[in-house]
Amino acid sequence: MTMTATSEPIVGKDLVVVKDLVKYFPVRSGLLQRVVAWVQAVDGVSFTIREGETLGMVGESGCGKTTVGRAMLRLIEPTSGSVYFDGTDVLSLKGSALKSMRRNMQIIFQDPYASLDPRMPIGESVMEGLNIHGIGTHRERVETMLEILKKVGLEDYHARRYPHEFSGGQRQRIGIARALALRPKFIICDEPVSALDVSIQSQVLNILKDLQREFGLTYLFIAHNLSVVEHISDRVAVMYLGKMVELAGREDLYREALHPYTKALFSAIPVPDPTIKRDRIILKGDVPSPLNPPKGCRFHPRCPVAIDKCSVEEPVFKESKPDHWAACWLVE
């Protein structure tokens, strides 16, 4: 069973559509473990991902990026909202229909070691999805596994080794191979290079880009490193405290960010030229708790240009100019 490659991916129709996605986690207390509060991890996030593109998603730790990705795949069940994949409502699927849909939607986890069974040779780990879905004969599954390992830069003899025998970069390649085994259309990359050395990061990113071109993949790339996101993304979404505050094409966003939070993030990107000094925007205070987010715009307690309206009324996430969305009262 060979893996046939496609030509250079062409960005086309909306493959993934997320509407008003909400995920609240209960906080329980007391002997009866009653719910006393809710952690508003994701609160009304909407976006689309076009076929063949990479949508980067950035924001500070705890802003809800990973929760969005896992809720889209139903690794955690959303509180409300809808997720459509290729026209099918993912949240309405059950049983065999959901299992079949998951062949087309895979994830690469942040920690490659934690996502691998330490007692299972990595060849078996890569074949696990093929076995679960009953794809091909055993011999065909082995051939597919060996082919995928070569695609990510590993050799046949690596299939007999265990996760602890690999470096961090090699483990992440194994994670990529596992996600690719079922030939999905869509892969969520959940901070796949954040735990790797810089030199290894570039290798893994180049593997992801090569695989996207070869197999026509669509990515949601979750990260907090803005330089990495700029390198790999076609469009970039910025999240803050469970809300999406800006979404635009990579070049447009990095050239002219509209939201004050996005501008503050970009001001922290190091410039590889000691003669150039960038004006840093230092945000005051700490990120508020998602247990009790501020009223109005969630960024207003730290915003250097906030007005009275920001603390009272939540801004609408709207298209300020062609294919550039922002949620800010000052963006008119």
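A crossing of two helices is called right-handed if the near helix is turned clockwise from the far one by less than a right angle, and left-handed if the turn is anticlockwise. In this predicted model, helix α3 passes helix α5 in a right-handed crossing. The points below take up that helix pair, then an antiparallel sheet of four strands, the largely enclosed helix α9, and finally P290, which is placed in the loop between α9 and β11.

**The pair α3 and α5**

- Helix α3, spanning residues 122-132, packs with helix α5, spanning residues 168-180, at an angle of about 30 degrees, and their axes lie 7 Å apart.
- Angles under 35 degrees count as roughly parallel, and α3 and α5 are therefore roughly parallel to each other.
- On the α3 side the contact involves I122, S125, V126 and E128, which meet I174, A177 and R178 of α5.
- Sorted by class, this contact of α3 with α5 comprises four nonpolar residues, one polar residue and two charged residues.

**The sheet and helix α1**

- The open sheet is built from four strands in the order β2-β1-β4-β5, and the pairing is antiparallel.
- Its edges are taken by β2 (34-50) and β5 (88-89), each of which has a single partner strand, so that one side of each is left without a neighbour in the sheet.
- Strand β1, made up of residues 14-29, pairs with β2 in the antiparallel sense over 13 bridges, and V27 stands opposite A37 in β2.
- Helix α1 (residues 65-72) lies across β1, β2 and β4 (80-85), and runs at about 110 degrees to β1.

**The enclosed helix α9**

- Of the eight residues of helix α9 (residues 260-267), seven are buried, so this helix is largely enclosed by the rest of the structure.
- The buried residues of α9 are P260, Y261, T262, A264, L265, F266 and S267.
- Among the elements that cover these buried residues are two helices, α7 (226-232) and α8 (250-255), together with the strands β9 (235-240) and β10 (243-249).

**P290 in the loop after α9**

- P290 lies in the loop between α9 and β11, the latter spanning residues 318-321.
- Because its relative accessibility is 24%, P290 counts as partly exposed.
- Leaving aside residues up to four places away in sequence, P290 touches W38, V39, Q40 and L241.
- K277 is 13 residues from P290 along the chain, and the C-alpha atoms of these two residues are separated by 34 Å.

How values were computed. Residues numbered from 1 in each chain as written. Predicted model: local features only at pLDDT ≥ 70, side-chain atom pairs only at ≥ 80, totals over all residues. Heavy atoms only, no water. Axes fitted to C-alpha atoms, helices over the stretch in contact; angles between N-to-C directions. Parallel < 35°, antiparallel > 145°, perpendicular 65-115°, else oblique. Contact = heavy atoms within 4.5 Å. Nonpolar A, V, L, I, M, F, W, Y, C, P; charged D, E, K, R; others polar. Buried < 20%, exposed > 50% of the residue type's maximum accessible area, 1.4 Å probe, protein only. Pairing = 2+ DSSP bridges.
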